[in-house]
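These are my notebook entries on a single protein chain. I record what I looked up, entry by entry.

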Amino acid sequence: MLKYLKLFEQFLTEKKPKGAPNFHHSDAPDAEGRFKDLSIKDLAAWLIKTRKKDVKKISGSLTQQIVFNRKSDPKYAEKMEKTRKEVYKQLGREDLLKESFESLNKKVQFLRLTPVKSYTDNKALVKLTEDANERFYEEHILKKDGKYTDFDKLKETLKSDRPILYYGAKSGESSKFINEYIKEHNNVVYNKPDEQQKSGDKVKFHKALDGTDLTPKTVFNIKEAEKLKFPIIAKPAEGMSGIGIEKFETIDDLKKSKGKFDLFSEFVNFDREYRGLFVKDKLAVVYERVPIIEDDKSIETKSRDEKLSFVYIEQKDKLPFTKELMEMAKTFNDKVKLDVYSLDFFSTKNEGLSLIEANASSGLGSNSLVSVYEAIHEDFYDKKIAKEDREFIDKIKESYNSHIKTDYPSEYKKSLLPK
């Protein structure tokens, strides 16, 4: 009893937490330690009985417990949140249970330029991506059917206390909106259009990294290309999946080409190709990019206008070059201030890692979505995700890897995944 008197005395003399409601006496029966002592199920049942199924009163009691204890005793506050869900469950209030679930889990706002596009015909992988997005992201589409979103309405919808992952265009109406929004809410926006331009354009990307040794030697006109060591790779400033890229063995072959190129890089004789997905300085996930074997295409064998297709195979074990990769990411991020980005790089036998390009909006399938969510959550909220979210993420990853192994057995075996 003295313990509870002491706690109450401390409560009266402590400064009220910011945002907390004023304390008031309830007409409900005294808890007498039940909030701490009872199990979640028993506490929910007791609250329902003593508050006569009044959801508002029950929720008010739990909220008061949460706001006064969330910093000093986060485990206790978490118990109160779980009790709230148990109350909804016992009352059969599926509507409130769903609302509670969404408010607790959708901690990241996702601004896409257009609705998510699937890059696979595998219905199981498409479903996994939809499940991951539905579970974790409050999604907003910035452009639909050729028309931009009502940005005034969107501004009212966005929550300024939650992170915003901007995966829109580096220019255009959506970027103007984000740049304006950043002026008021700079600390919540992940990825800024001005910085995205440096990675989306290959010429700007290489010029931004001038003075570093991250990338192969690169020049920006044919005359300078004559001084490079052949073979070389010629690329347009923009493009994806290898479209427009061509390999040349000699300067004469380059001069004969009808292709339009903006930069020329010395060819890297690499062993393997990877994509690392980062949130600031944290490596969220790393894949080996294995060309689809049945396509029988590579940079060396494809024509200029052909597209390359890859299988992305997650590397679970610690890679032998993790330290070098993190140093590469730090050097890159010192030059280009992105928050969520991917680095495509080669590993070579004798020269370590070679950075090929960066992307501020690389494709996000299920495995990448949950990896980015976890990293943003930890960065923004400065705490680990909930246990049930951890279990869901593990399930998504397990399912993703299982489908890749089944659909692409040859590519899977070729990767560095542990045997």
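**Entry 1: aromatic pairs.** I worked on a predicted model. My search of the whole structure returned 21 aromatic pairs. I then looked at Tyr148 and Phe151, which form a tilted pair with 6.1 Å between the ring centres and 40° between the planes. Is Phe151 buried or exposed? Phe151 counts as buried because its relative accessibility is 16%, and the cut-off for buried is under 20%. Tyr148, at 32% relative accessibility, counts as partly exposed. I next noted Phe261 and Phe264, an edge-to-face pair with centres 6.3 Å apart and planes at 70°. Both Phe261 and Phe264 are buried.

**Entry 2: a ring cluster and charges over rings.** I found that ring pairs link Phe110, Phe136, Tyr137, Tyr167, Tyr373 and Phe392 into a cluster. The ring of Phe392 also has the charged end of Arg135 over it, 4.5 Å from the ring centre. I noted a similar arrangement at Tyr76, where the charged end of Lys36 sits over the ring at 4.3 Å from its centre.

**Entry 3: the chain as a whole.** I recorded 17 helices and 15 strands in the protein chain. Of its 419 residues, 45% are buried. The accessible surface comes to about 24000 Å², and carbon and sulfur atoms hold 49% of that surface. Among contacts with a separation of 6 or more, 69% are between residues 24 or more positions apart.

**Entry 4: nonpolar cores.** In soluble globular proteins, nonpolar side chains tend to be buried together. I therefore asked which residues of the largest nonpolar core touch the most other members. They are Tyr137, Leu165, Val340, Val372 and Ile376, in a core of 32 residues. Elements giving two or more residues to this core include β1 (108-112), β5 (164-167) and α16 (387-407). The largest share, 6 residues, comes from α15. I also listed what Tyr137 contacts beyond its neighbours within four places in sequence; among these residues are Val108, Phe110, Leu165, Val372 and Tyr373. A second, separate core has 22 residues, including Phe278, Val286, Val336 and Leu353.

**Entry 5: salt bridges.** I counted 28 salt bridges. In one of them, the side chains of Lys82 and Glu78 meet at 3.5 Å, N to O. Lys82 and Glu78 are about one helical turn apart, because they are separated by 4 residues in helix α5 (residues 74-90). Lys82 is partly exposed at 32% relative accessibility, and Glu78 is partly exposed at 35%.

I then turned to Arg272 and Glu288, whose side chains form a salt bridge at 2.7 Å, N to O. Which strands hold the two residues? Arg272 lies in strand β11 and Glu288 in strand β12, so this pair ties together parts that are 16 residues apart in sequence. Arg272 is partly exposed, with a relative accessible area of 24%, whereas Glu288 is buried, with 4%.

The last pair I looked up was Arg390 and Asp394, which meet in a salt bridge at 3.1 Å, N to O. These two residues are 4 apart in helix α16, which means that about one helical turn separates them. Arg390 is partly exposed, with a relative accessible area of 26%, and Asp394 is partly exposed at 38% relative accessibility. I closed the entry with a network in which salt bridges with shared partners join Glu273, Arg275, Arg289 and Asp344.

How values were computed: Residues numbered from 1 in each chain as written. Predicted model: local features only at pLDDT ≥ 70, side-chain atom pairs only at ≥ 80, totals over all residues. Heavy atoms only, no water. Phe/Tyr/Trp six-rings, centres within 6.5 Å; stacked < 30°, edge-to-face > 60°. Buried < 20%, exposed > 50% of the residue type's maximum accessible area, 1.4 Å probe, protein only. Lys NZ or Arg CZ within 6 Å of the ring centre and 35° of its normal. Contact = heavy atoms within 4.5 Å. Areas by Shrake-Rupley, 256 points an atom, 1.4 Å probe, with all protein chains shown as cover. Core = buried A, V, L, I, M, F, W, Y, C linked by side-chain atoms within 4.5 Å. Salt bridge = Lys/Arg side-chain N within 4 Å of Asp/Glu carboxyl O.
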